[in-house]
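Reader: I am new to this structure. Could you take me through it step by step?
Author: Certainly; here it is.

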Amino acid sequence: AVRPSLRRSFVSLRATSTEAAAGPDVAPTGDAGKAAAVRAEMAEAAAVWCALHGLVVGDRADPRSGTVPGVGLVHAPFSLLPARFPSSFWKQACELAPIFNELVDRVSLDGEFLQSSLSRTRQVDDFTARLLEIHAKMMAVNKKEDIRLGLHRSDYMLDSETNSLLQIELNTISTSFPGLGSLVSKLHRSLLNRYGEVLGLDSERIPPNWAASQFAEALYKAWAEYHHDSAVVMMVVQPEERNMYDQYWLVNHLKESHGVTAIRKTLAQVEAEGQVLPDGTLVVDGRRVAVVYFRAGYAPNDYPSEVEWSGRLLIEESSAIKCPSISYHLVGTKKIQQELAKPNVLERFVDNKTHIAKLRKCFAGLWSLDNDEIVKSAIEKPDLFVLKPQREGGGNNLYGHDLRETLIRLQKEQGEALAAYILMQRIFPRASLTQLVQGGVCFEDLTISELGIFGAYLRNKDNIVINDQCGYLMRTKVSSSNEGGVAAGFAVLDSIILT
Ligand code: ADP
Ligand code: MG
Ligand code: MG
């Protein structure tokens, strides 16, 4: 049996900062020492679990870790215990998944809306301009995508000021961590099965997380709609990828559960080895491709030359199922997020009033920079805003001092430069003390978290084959850091325990 004071010192691990600072509950030194010893034991057990179950990434320290599978592996960064998360917000976030899936599909059908919403951005942002150019070409030939596959992740933070669940962004391309995310939930459940009693935490309160197998199943079902037994799924990847095991989990599920082969190709390889047959069939390296699943192609760095753009265009011109198509990709831009938040825009795409209300409830304040009032407010109070360019992958947003300086500079330039950005209300999640494990070292810090809900959507003409929530990913970062990417080195993988 464990003394209550010892249990308390564990529980405060993921207490809120106010609770943690409450004082009188602090355990006596003896118990605190024992708690630290058990924590060290847990951290070691967790690291072993990661190695044995494939919760791993390539190690930056090994130059071959991004190119040679099985070389230079390190456990993915993770939090020792799951984050507490209120059941009501969890339910709200899950309910939103199919609604967002459908919204993406509906918006993607309105090519004029995408082109006109992004027309000013296009003038100042070359990358967006290139994407729009491909999109315009497809519009010009009236390209039809009968089979539509979306594997999305909608990210949220709990805003402590308003006590509400607010969306950070919706990712429609290359959404990462379905593989490792589901494993973190398993890791936490396994740790709580062993230490849960001491901690006063019930492993049953960690929601099941089948993101990896559900995403693989969606890829399989899309493949099946294509109706060609020898066709493959092609994963478009970066030439160097330290997060390859997250991707290999899907490859593995596809093969083991569905007997479907997945090949990996870079955009340059697609260009060199690929062709589109007269009937639209995409053939790469001699193999007919049923489904193209992008885990690259979302950032300018993925297109170092014209070769990669040709590869992207080739895919788009083919009749292979694209996840995402160019239009799904564009729907996921920050600019479209901001346009959809304007009054009466959702109504153009969604008929169901309840759905509209649910969507609007999770929208934070979003503004384009042609709104002088808001630009003025942001310069006066930069800490209440985030300034976002049309980029993905973390590390691109501007905060505080940088935000103010950038706005002042862009205003002086007087041109269209402001159109490259959107402004967003800054969300302030409550901080809590968390044990983080990175590179085999466990340390404690004040953290904030972001919950991502995976969603899968598959439609063949009028038949909606899948429209589901597919597990989740919690990411936790030190509260003093602005950005949140795990791959970018800002955050750790986490899961949730419902309260
Ligand atoms: P990306 O597509 O690069 O992931 P995000 O919009 O998700 O861009 O922003 C990156 C990170 O910045 C998020 O994971 C989050 O940690 C932080 N962030 C973004 N928007 C906000 C916001 N409105 N309030 C607070 N933090 C934010
Ligand atoms: Mg993103
Ligand atoms: Mg993000």
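**Surface, fold and selected residues**

Reader: How much surface does the protein chain expose, and what share of it do carbon and sulfur atoms supply?
Author: The exposed surface of the protein chain is about 20,800 Å², and carbon and sulfur atoms supply 50% of it. Accessible areas here come from the Shrake-Rupley method with a 1.4 Å probe, and for residues only the protein chains shown count as cover. The model is predicted: local features need pLDDT of at least 70, side-chain atom pairs count only at pLDDT 80 or more, and totals for chains, interfaces and linings use all residues. Residues are numbered from 1 along each chain as its sequence is written, chains are lettered from A and ligands numbered from 1 in the order in which they are written, and side-chain values use heavy atoms, with hydrogens and water left out.

Reader: How many helices and strands are there?
Author: The protein chain contains 18 helices and 20 strands. Both are DSSP runs numbered from the N terminus: helices are H or I with at least four residues, strands are E with at least two. With a radius of gyration of 23 Å, close to the 23 Å that the globule rule gives for 499 residues, the chain is as compact as a globular protein of that length. That radius is taken over C-alpha atoms, and the rule is 2.2 Å times the number of residues to the power 0.38.

Reader: What box do the C-alpha atoms fill?
Author: Along the principal axes, the box is roughly 75 × 55 × 45 Å.

Reader: And what percentage of the residues is buried?
Author: Of the 499 residues in the protein chain, 56% are buried. Buried means under 20% relative accessible area, exposed means over 50%, and partly exposed lies in between (1.4 Å probe, protein chains only). Among contacts with a separation of 6 or more, 74% are between residues 24 or more positions apart; contact means heavy atoms within 4.5 Å.

Reader: What about domains: which residues belong to each?
Author: The assignment gives domain 1 as 79-364 + 427-498 and domain 2 as 367-426. Such bounds come from an automatic or database domain assignment. The contact takes 28 residues from domain 1 and 24 residues from domain 2. Taken over C-alpha atoms, the centres of domain 1 and domain 2 are separated by 25 Å.

Reader: Is there a residue in domain 2 to look at?
Author: Asn 371 is in the loop between strand S13 (366-368) and helix H17 (372-380). At 29% relative accessibility, Asn 371 is partly exposed. Asn 371 and Leu 423 are 52 residues apart in sequence, with their C-alpha atoms 9.9 Å apart.

Reader: Changing topic, where is the cis peptide bond?
Author: The cis bond joins Cys 323 and Pro 324, with omega about 5 degrees. Pro 324 belongs to the loop between strand S12 (321-323) and H13. One of the residues in contact with Pro 324 is Ile 173.

Reader: Is Ile 173 buried or exposed?
Author: Ile 173 is buried, because its relative accessible area is 7%. Ile 173 sits in the loop between strand S6 (164-171) and helix H8 (178-199). Leaving aside neighbours within four places in sequence, its contacts include Phe 294, Tyr 298, Arg 312 and His 329.

Reader: And what lies in helix H13?
Author: Ser 327 lies in H13, which covers residues 326-331. Ser 327 has a relative accessible area of 10%, so it counts as buried. Not counting residues up to four places away in sequence, Ser 327 touches Ser 108, Leu 114 and His 135.

Reader: Which residues does Ile 336 touch?
Author: With the same sequence neighbours left out, they include Val 107, Phe 113, Leu 114 and Leu 330. Ile 336 is in helix H14 (residues 334-340) and is buried, at a relative accessible area of 0%.

Reader: Last one: what is the phi of His 227?
Author: Phi of His 227 is near 60 degrees, a positive value in a residue other than glycine. His 227 is in the loop between helix H9 (211-226) and strand S7 (232-236), and counts as exposed at 66% relative accessibility. Asp 285, also not a glycine, has a positive phi of about 55 degrees. Asp 285 lies in the loop between strand S10 (282-284) and strand S11 (287-294) and is partly exposed, with a relative accessible area of 45%.
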